[in-house]
Amino acid sequence: MHSQTVYSEVEPLVSVVICNFNSEEYLERCLLSLQNGSYKRIEVVLVNDCSEGDDSIIVEKYRKKLNIVYVKNSVNIGLLQSRLEGVRNSSGEYITFLDADDELSVDFVRNNVKEVLLNKADLLRCHLSIKTQDSTCKFIRNHITQKKLNLGDRGLEFLLKQEGRDWTLHTVCGGIYKRSLFDKVLPELQSLQYRVSMCEDVLLSVLLYFYSQNTCSSSYVNDVYYYWKHGSNMTGDVRAARKSIESIKQVKEFLINFFLNKKLEKFVVYIENWMCAYEFMWLEMMREANRESLKQTEKGLSLIHISEPTRRRGIS
């Protein structure tokens with residue numbers, strides 16, 4: 001009874017950051033899920049990253065019922081920087097991310113914000129459900145929510161020890177973050193001199209977990225983030241493979257230097273293994289999706305240098 005009273009008295013503003021690049025086909029469904037949500041103290045920050053379509057018509061349609069901050073980038077800056085631009089233009093005490101082709105369940109924000117407040121969490125991992133075009137729906141429970149863990153300040157180590165095996169732990173979407181985390185994360189990313197085209201979620205999530213002093217999981221299993229799967233977008237283009245793997249290596253280098261500068265050498269091995277595994281995984285996924293076409297380009301792919309994973313050095 002007491003917790004209900006505390007919650008009803010404090011309804012913080014939640015900023016929902018959406019980045020749109022050529023997702024106008026799904027954007028209305030995305031905004032409709034927010035309009036139908038039970039939590040009304042939300043601010044929608046929509047960042048148009050030079051999308052080829054016209055999302056302004058959709059935005060105007062929903063302005064009457066949603067508090068929308070519309071940001072249009074002058075040049076295409078990619079998903080990571082667009083998300084950060086959304087954060088800079090937001091006002092909420094808490095922030096969550098929603099891809100333009102995904103949606104939230106009716107009580108996702110309400111009940112997960114309640115969980116954040118009751119646990120005084122900096123970072124809350126929520127539940128995800130994968131939807132496909134044939135209307136199937138697969139519930140995904142990650143290693144934190146599966147055990148309903150309250151990790152406190154051990155969230156970073158828990159994340160890194162997974163070495164990417166549980167992707168739901170490091171996807172930026174499906175989480176609720178205290179704004180104060182970004183006050184620390186944004187300065188760290190100012191030194192980023194290159195465009196990140198792969199592992200954007202890994203980079204941002206690692207920094208958020210690092211600064212979180214209280215990482216928790218949601219107990220509301222029915223209040224989920226709906227991740228829409230539209231099929232494989234892998235191609236057999238060798239130059240695309242080179243670009244993606246180069247981005248993975250840049251993320252690896254950035255995070256290794258980050259931990260070395262923080263005198264946390266023990267975490268470096270996890271980053272090395274994680275990113276090297278992603279290099280291999282990316283190529284294998286691309287090969288599987290394009291096995292026939294890759295017969296023509298296999299020779300080119302064989303020239304791409306893949307890093308060797310680091311052997312464990314007695315790290316427990």
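**Salt bridges and a helix in the predicted model**

In this predicted model, Glu163 comes out as buried, at 10% relative accessibility. Its salt-bridge partner is Arg165, with the closest N and O atoms 3.8 Å apart. Arg165, by contrast, sits at 59% relative accessibility and counts as exposed.

That pair belongs to a bigger picture: a search of the whole structure turns up 12 salt bridges. Another one pairs Arg29 with Glu103, at 3.8 Å from N to O. Here distant parts of the chain are linked, as Arg29 lies in helix α2 (residues 24-35) and Glu103 in strand β5 (residues 103-104), 74 residues apart. Arg29 is partly exposed at 25% relative accessibility, while Glu103 is buried at 13%. Lys131 joins these two in a network of salt bridges.

Glu157 and Lys161 make a salt bridge too, their closest N and O atoms being 3.3 Å apart. Both belong to helix α7 (residues 155-162), and because they are four residues apart, about one helical turn separates them. Glu157 is partly exposed at 29% relative accessibility, and Lys161 is partly exposed at 33%.

Helix α5 (residues 108-119) has the span one would expect: its 12 residues should cover 16 Å, and the end C-alpha atoms are indeed 16 Å apart. Buried residues in α5 include Phe108, Val109, Asn111 and Lys114. Just past the helix, Lys120 takes a positive phi of about 55 degrees.

As for the chain overall, there are 12 helices and 12 strands, and 54% of the 316 residues are buried. The exposed area is about 15200 Å², with carbon and sulfur atoms supplying 49% of it.

Methods:
Residues numbered from 1 in each chain as written. Predicted model: local features only at pLDDT ≥ 70, side-chain atom pairs only at ≥ 80, totals over all residues. Heavy atoms only, no water. Helix = DSSP H or I, 4+ residues; strand = E, 2+ residues; numbered from the N terminus. Buried < 20%, exposed > 50% of the residue type's maximum accessible area, 1.4 Å probe, protein only. Areas by Shrake-Rupley, 256 points an atom, 1.4 Å probe, with all protein chains shown as cover. Expected span 1.5 Å × (residues − 1). Salt bridge = Lys/Arg side-chain N within 4 Å of Asp/Glu carboxyl O.
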